[in-house]
Structures are given as C-alpha cells and as structure tokens.
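Biologist: I'm new to this one and would like to learn how to read it. Could you show me the structure and then take my questions one by one?

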Amino acid sequence: MKISIKKLFVVTIVLILGLTTFSTVSLGQTKNISWWYWNISPDNLEALKSTVVKPFNDSHPNINLSVEVKGDKLRQLLRNAVLAGGGPDIIMSPGPSFAQKYVAQDALLPLGGYLEEEGLDKKIFPWALDVGRVKGEVYSIPGTYESMGIFYNKSLFKDKGWEIPTNEEEFEKLCEKINSEGITPIALGNSDWKFINEQIFSVYLNQYAGPENVYKVLKDMKSLEDKVFVDSMKYLKENFQNYWSSSNYNTLGNADYMTLVSTRRAAMTISGSWAFQWVNNDAFWPTEDKWGWMPFPALSENTSYPTVSIGIGKAFSVNKNSKHPDAAAEFITWLYSQEKKIGQLAKKMPGAFILPIELPDEVYPSGIDPAYEKHLKIIAQASNSGNYGYTDWTFWPTSTQRYIIDETGRVMNGRTKPQTFLAELQKKLEKDMEEGLMPPVPNREISNE
Amino acid sequence: MTKGKKFGYFFILPALLINFFVILGPGIANFLLSFTKWSGLGMPQFVGIHNFLVLFSDKVFWIAVKNNLIWTGVFLIVPIAMALLGAHLLKHGQLGEKFLRTIYFLPRTLPIVIVARIWQFIYHPLNGLGAITGISFLGNPDIALYFVALANIWAWWGFLCVVFYSAMQEISPSLYEVAELNGANQWQEFIHVTLPGIMSTFVFMIIMTIIWSFLVFDWVWVLTQGGPGHATELLATLLYKKAFYTFNAGQAAAIGVVISIFGSLSIIILFLLRRRGWEV
C-alpha cells in the first residue's frame, strides 16, 4: 500500500491534535494544589507523604496535592510569591499573628464556610479557632499546636532517686541536689534557634506570674510593669545564673544540649513539644538512658499544677491567589476529619503534627510512646478547660515578639534590668494594641480576687 | 560624537540595561519605600521621614552602627596588614609562590554558609576550642563580634593578598635595584617602593573594604544572628529582621538607605582623591 506524504502529514497532524486535546481535557480535570513546607527531616517528610498526601490524593482522584519543602526561607518566599500574585494554594504560616498580616492585605480566603460544612467548627478546640479569627472570620487554623515543658534524663532521675518537682520549692531543692552532684540542672542553648529566648520568656512569665495575669496583660487589664512580672523575670535571671549551662547558652545548639542531658552531664532541658522528635533521634539522644517529659512546675501561688503554655507552631490558610481554593480547603478539612491518621502522625512524627482536636483513646496507635501520649492528653485537657498559658509567638503581636527574642537574653545575663525590659515591652505592646495588631486572645474566666 | 564612539555605546547597552533594572530600579524603589509604612504586603503608605526618626531613636540601631564601625575598623587594619605582609613575602619568597597563592585564595572560593558552620564547630564550647580554652567565643557579648570578624578575616585576607601580589608584579624591578644600591632595608623598600607602586590598588581595596563592611550579613547571620543580646548586630542583620520578622519593610528600607550613605561616603572620598590627582 502506498501512502502519500500529504496523507501521512494530515494523519500526523490529526493525531497530534487529538492527543493534545485529550491530554488537555484529562489534565484539566485534575486540580493541582501545592503546599509549601519549611524544614522537615527526610523521615518526617516520608511519613507525611505516606500518611497524609498519598491517601488524600488516592481518595480525591480529581485533586493532586504536592508538598514542596522550602526550608528556612519559607517566610520570605511566601511573602514574595503572594506579593507577586502567586504562591502555594495552601499557605502554611508560622502562626495566626503572621496570617493576620496576610489577611490585612486581603491575601487569604475565609475558612468559616468550609469548616461549618464539615462540622469542624464544633470539633476544633474553640481557642484554636478563635486565634485564627480576624473581624469574626476564621482565616487560619492550626496545623499543629505545641506546649512548653521539661525533658529530662529519666534513668538518671531513677538512679539518683530524684522526684519530679511540681512547685517552686521542690524545683529549687531538686536543682540544688543536682548541682551538688556536679551535674548541670538545666542545659539549654540558642545557637541554632534564637527563638528559644522567647520560649523561655513565655515559660517563666506564665509559670511565675500565672496565665491569668498574662491574660490580663494581653487584654490591657494589667501592666507588665506590675511587680509580679518583674519578679518573674528576676526569677528567670536567678535560675539562669544558678542552675543553667549559662556560660554556653549562646553557643549550644539543639543537639548539644539534648546530648548533655542524655549523657548525664545535665539533668533537664526546657523545650516545646517539637523536642519529642529529638529524643527519639540518635543524633540528639545518643545513649541508652531513658528520657522523660514533665510539665514545668508551678513557680508561685499564681499558677496551678500542671499548667502548660500553649502555642501554634504552624497554621493553615487558603491563598486568595489559588486557582483551586475549594480543593485547597478540601484538603484542610479532610485532614481534620482523619482522626486515625492524626493518631498515626502522633506515632510517626511525634511533636511535629498535633492538631487541636480531642482524640479518642482508640485512635492512638499501639506503640506510641506513653510519655508522649501523656503529654498529648495533658495539653488537650488544658486546651479544653481553657486553663493554659500564653506563648508569645501565638498570642503576642509580631513586633513585640521580636523585642522579646532580642532582649530576653540581655535580661538573663544581667545586661538589662527586668524593670527596664518590661517597661519597654509594655510600651511596645500598647503601641501594637493601638494599631490593632494584637492577635485574637480567646476569652478566659477570671477568678475573683 | 564619531560613528565609532556611537557604535561603542551600543556594546555597553546590555550591561547598562541590566544595571538599570537590577540595581538602579530596586535602589530607587528602596529609597522611596524608606519614606513609607509598609508591611511588605499590600500598598505602602507615605509617612515622610518617620522611619528615620524611629530608627534614630532606637538604641539597637545605634548598637548596629557602632558594631559596623568597629567591624570596618578591624577590616581596614587586620586583613590589609596581613595581606600586604603576605604579598610582600610572596614576592620575595623563593619557593612555592604559586602553591601559596592558591592556598591563600582558596577560602574565598568556598561557600560562606558552609565555612561559617565549620567555624562554629571550631569555636564549639563542647567539642571545639571553647572546650579546650574555656572561652565562650561566640557566647560572650564582649568578644563575640571580634571572633565573628576573625572567621571572616580568614576567608578575606588571602583574596586581598593575591590582589596586592598581582599589583606588585607591575612594579619595575629596577626600582628595587636602585633602592638596594642606595642601601635601603626591607622595610624602607616596602615603604618607599612597594607601597607607592601599588597605591591605586591599595586605595581601591580600602574603599571596597569600607563598602563591603557595611554590607556584611551572611557570616554574622550563620554564626550568631546578631546575638548575644545584639553584641554582633550589624545594619544588614537588623535590616533583615525588620523586613522579614517584624514586617517593617519601610524601616528596613530606611536602614538600606543608611547603609548606602556609608558606602557613598567612601565613593566620594575616592572621587576627591582622583580630583586631587591620585591615580586611583
């Protein structure tokens, strides 16, 4: 059979056009949505993909979710991309105070309708919804919430017969005992992460002055220059100088101070829920010693035990520039309704993915670390009862937060007086309040004085 | 204008366009933004000189200016003295000059972030020099700035040395012969022959050192992020924090203008020297 070149050309063109049309139509049905993530270890990324991303894509054949790791530069990349009218469909910000900035520029879509449709407005802890509200609308919901506590060498405590402290007196006695053994009571350093300064500030402010007093400050009902706050910073300074690895505070990294605890050169460290990832990692905990977690002791009569200061580690929002906002919102609501998967994440990525909903006991998978499960239950109970402390990265405005990060270290090493620090902080806070930059602080029942 | 000259402009046009869009355009935009209140998102609002007034009343800004001036002073003395000495010795050395030049230049070719991390290990309080000496190199606010600078000097002085050495190659050997016949010792030879012979390169590198000193960011960011307690805060790190941590892009732009003013001052000095007949 002889085919003319002309016929062959026509057939080829028809085939190309046919294939192009087919692929365009079929690809056009798939909604590609992206989610930019910051730092994540390869193991955690794998766990995230297998537990969340793949099951979501499998159960939603018309949506294709992809995770892109952006690392430390996520904030800058997000800002530049959103400013240029682009960015990922799912915006993962460091918390509500950052999301608030995007809302002010009309860069996020309200989530309320989506949440109500799935009944999630009843399921998510009220405070977690409230902190994401701007002018009554929910624009961000927490991708993880976290708490501050103490990680300690359980084997060392057992060998020495040391008890877990619950109040100021027990805490000081314990630190003295540890000191007398030639061991550093608390190892900590901010070499890798300067934000540790604000974590410490939040812990001591809440545990000493009490969450209720901190709440009053955030609601403009009390001044930070009040004696109770000055005393809390004085107490932090004394603790730092007497019981901490203070001379190396600015030069120890995360792996360094965790290693000091695991090798019995130090007994305890203060950290957030994210450290549950570290204690299960040989690079941070290289010995056979067992680790433990405890809530921070109540440092005065202003605080009950256990009180945990909670905060939001990452918050989800939908980008207004998204071509598929419904698909992006679909992912967020789907994630919150997957209790079993959230339980699996608790096992596979401890500390990295704690969604603010109460999980029934049966969804905790077997093999989950009991200390971690205990921690989850304590913070869930605190969240539910409304008796929690306020971390500055969630409940304070961003400019004030920066001042806390930069100046707390100077208070600890005695270069700035607590009074001077708090007076300046109060001024900044008032200015932020005047300018309407305060993140929402959920209402709290105040005891009669 | 001759036809050839006009044609010559055609060849520099691409570079001019790139400079216009990549340097001049953002430079003008930064200058204008310094007079606005801008979070980095949305529309900026004109606020006049408010950002500058806020900056000038901020003690951290003055700490950063002071640290930048100290940094500049250190870099105008230590690496330049080391580089001059190194280049002089290289010129008069007998063996391994090419090898040494490569070794000196090598740190300049390495990625700053990686080298800075290595220095962090060198200073480490548990496994590095900190453990041996008991000194908290990056943790003690009184000395941290100098030890960050030391790490940067390690990477910088070799580059200067190679530049000075290349300039020294241009000096006529007969000048050294005359100096020798007149009984000049090594020091006199250096002061009266070598230094005048490389004066244009020397002054140029001084000017560039001043400009670069006000632009330093990565070494400080990786090693200390401006801490402890602002002890190593420089204008560039403060700018970054204002822009990306507190959403004060207007104030960050104002810091950018201040950095440019310091850089411009050194360029003005260069022009003044040229007008006075210096070949720089």
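Biologist: How many salt bridges are there between chain B and chain A?

Modeller: A salt bridge here is a side-chain nitrogen of Lys or Arg within 4 Å of a carboxyl oxygen of Asp or Glu. Between chain B and chain A the count is three. One to look up is Glu435(A) with Lys37(B), where the closest N and O atoms are 3.6 Å apart. Keep in mind that this is a predicted model: local features need pLDDT of at least 70, side-chain atom pairs count only at pLDDT 80 or more, and totals for chains, interfaces and linings use all residues. Also, side-chain values use heavy atoms, with hydrogens and water left out, residues are numbered from 1 along each chain as its sequence is written, and chains are lettered from A and ligands numbered from 1 in the order in which they are written.

Biologist: And how many residue pairs are in polar contact between chain B and chain A?

Modeller: A polar contact is a pair of N or O atoms within 3.5 Å; within protein, one must be able to donate a hydrogen and the other to accept it, and residues adjacent in sequence count only if both atoms are side-chain atoms. Seven residue pairs between chain B and chain A are in polar contact, both partners at pLDDT 80 or more.

Biologist: Which elements give two or more residues to the side of chain B that touches chain A?

Modeller: Helices (H or I, at least four residues) and strands (E, at least two) are DSSP runs, numbered from the N terminus. On that side of chain B, α3 (59–92), α5 (112–123) and α12 (235–244) of chain B each give two or more residues. The largest share, four residues, comes from α12(B). Sorting by class, we count Ala, Val, Leu, Ile, Met, Phe, Trp, Tyr, Cys and Pro as nonpolar, Asp, Glu, Lys and Arg as charged, and the others, Gly among them, as polar. That side of chain B then has 15 nonpolar, 12 polar and five charged residues.

Biologist: How many residues of each chain are in contact, and what area do the chains bury between them?

Modeller: Contact means heavy atoms within 4.5 Å. By that rule, 32 residues of chain B are in contact with 30 residues of chain A. Buried area is the accessible area (1.4 Å probe) that two parts lose on being put together, summed over both. Here chain B and chain A bury about 2800 Å², 57% of it on carbon and sulfur atoms. In chain B, the residues that lose the most area to chain A are Leu41(B), Tyr245(B) and Phe247(B), together 22% of what that side buries.

Biologist: Now for empty space. How many cavities does a search of the whole structure find?

Modeller: Rolling a probe the size of a water molecule over the atoms shows where empty space is left. On a 1 Å grid over the protein atoms alone, a cavity is a set of points where a 1.4 Å probe fits but cannot get out, and a pocket is an open set with protein on both sides within 12 Å along at least five of seven lines; lining residues have an atom within 4 Å of a point. Grid points are joined across faces, edges and corners, and a volume is the space filled by probe spheres set on the points. The search finds three cavities of 30 Å³ or more. The largest has a volume of about 100 Å³, and its lining includes Tyr145(A), Phe353(A) and Glu358(A). That lining divides into 11 nonpolar, no polar and one charged.

Biologist: What lines the second largest cavity?

Modeller: Among its lining residues are Arg75(A), Tyr102(A), Phe244(B) and Phe247(B). Its volume is about 70 Å³, and α3(A) gives the largest share of the lining, four residues.

Biologist: Which residues are closest to the centre of the second largest pocket?

Modeller: That pocket holds about 1500 Å³ of space. Of the 50 residues that line the pocket, Ser399(A), Lys431(A), Asp432(A), Glu435(A) and Asn248(B) are the closest to its centre. Glu435(A) is also the salt-bridge partner of Lys37(B). By class, the pocket lining has 15 nonpolar, 19 polar and 16 charged residues.

Biologist: Last one: where does Pro306(A) lie?

Modeller: Pro306(A) is in the loop between β10 (291–294) and β11 (309–319) of chain A, and the peptide bond from Tyr305(A) to Pro306(A) is cis, with omega near -5°.
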